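Trainee: Please take one strand of this model and go through it closely. I would like to know how its residues are covered, what it pairs with, and which side-chain contacts lie around it.

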Amino acid sequence: VYSCGDNAYAQCRHRRIRIDIALRKIDNLSDIKKISTKRGGSFALNKKGEVYFWGGLMSNKHIVIPEKLNGFEKYKIIDILCDDESDNMCITEKNE
């Protein structure tokens with residue numbers, strides 16, 4: 001997974017770079033099947049159904065290294081979606 005662009009909240013996962021036009025690899029992510037981004041953060045869904053987040057609008061700090069979201073261990077997530085307002089959604093394999 002590679003990223004570039006406006007990195008105001010670390011949503012591109014670049015350290016100390018505000019705007020970056022060069023593609024840079026995002027470490028710590030593998031087997032990613034979908035990325036969903038918003039103004040201040042990015043989400044990744046891997047083939048195991050695990051969701052990762054990095055950026056800054058979901059917490060009081062800027063998360064530079066993608067963190068696995070807790071609380072979904074009993075579900076297999078099959079899709080993710082977020083928008084620039086405040087909505088972040090996950091869909092499970094049981095359509096929940």
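Mentor: Take E5 in this predicted model. Both of its faces are covered: Val51, Phe53 and Gly55 are buried on one side, and Tyr52 and Trp54 are buried on the other. In a regular strand, side chains alternate between the two faces of the sheet. The count for E5 agrees with the covered faces, with 5 of its 5 residues buried.

Next, the neighbours in the sheet. E4 and E5 run antiparallel and are joined by 5 bridges. Within this pairing, Ser42 stands opposite Trp54 of E5. The hairpin of E4 and E5 has 4 residues between the strands, and there Gly49 takes a positive phi near 90°. E5 also pairs with E6, again antiparallel, through 3 bridges. The bridge partner of Phe53 in E6 is Glu67.

Phe53 also takes part in a ring contact. A search of the whole structure finds 1 aromatic pair. It consists of Phe43 and Phe53, whose ring centres are 5.0 Å apart; the planes meet at 55°, so the pair is tilted. The angle falls short of edge-to-face because that class needs planes over 60 degrees apart. Phe43 belongs to strand E4 and Phe53 to strand E5, 10 residues apart. Both rings belong to buried residues: Phe43 has a relative accessible area of 6%, and Phe53 has 3%. Each value is under 20%, so each residue counts as buried.

The charged contacts come next. The whole structure holds 2 salt bridges. In one of them, Glu50 meets Lys68, with the closest N and O atoms 3.2 Å apart. Glu50 lies in the loop between strand E4 (41–46) and strand E5 (51–55), while Lys68 is in strand E6 (residues 63–68), so this contact ties together parts that are 18 residues apart in sequence. Lys68 is partly exposed, at 38% relative accessible area.

The salt bridge between the side chains of Lys34 and Asp79 has an N to O distance of 2.7 Å. This pair links distant parts of the chain, with Lys34 in strand E3 (residues 32–38) and Asp79 in strand E7 (residues 77–82), 45 residues apart. Lys34 is partly exposed at 30% relative accessible area, and Asp79 is partly exposed at 27%.

To return to the strand itself: E5 is mostly covered, it is joined to E4 by 5 bridges and to E6 by 3, and its Phe53 forms the tilted ring pair with Phe43.

Technical notes. Residues numbered from 1 in each chain as written. Predicted model: local features only at pLDDT ≥ 70, side-chain atom pairs only at ≥ 80, totals over all residues. Heavy atoms only, no water. Salt bridge = Lys/Arg side-chain N within 4 Å of Asp/Glu carboxyl O. Helix = DSSP H or I, 4+ residues; strand = E, 2+ residues; numbered from the N terminus. Buried < 20%, exposed > 50% of the residue type's maximum accessible area, 1.4 Å probe, protein only. Phe/Tyr/Trp six-rings, centres within 6.5 Å; stacked < 30°, edge-to-face > 60°. Pairing = 2+ DSSP bridges.
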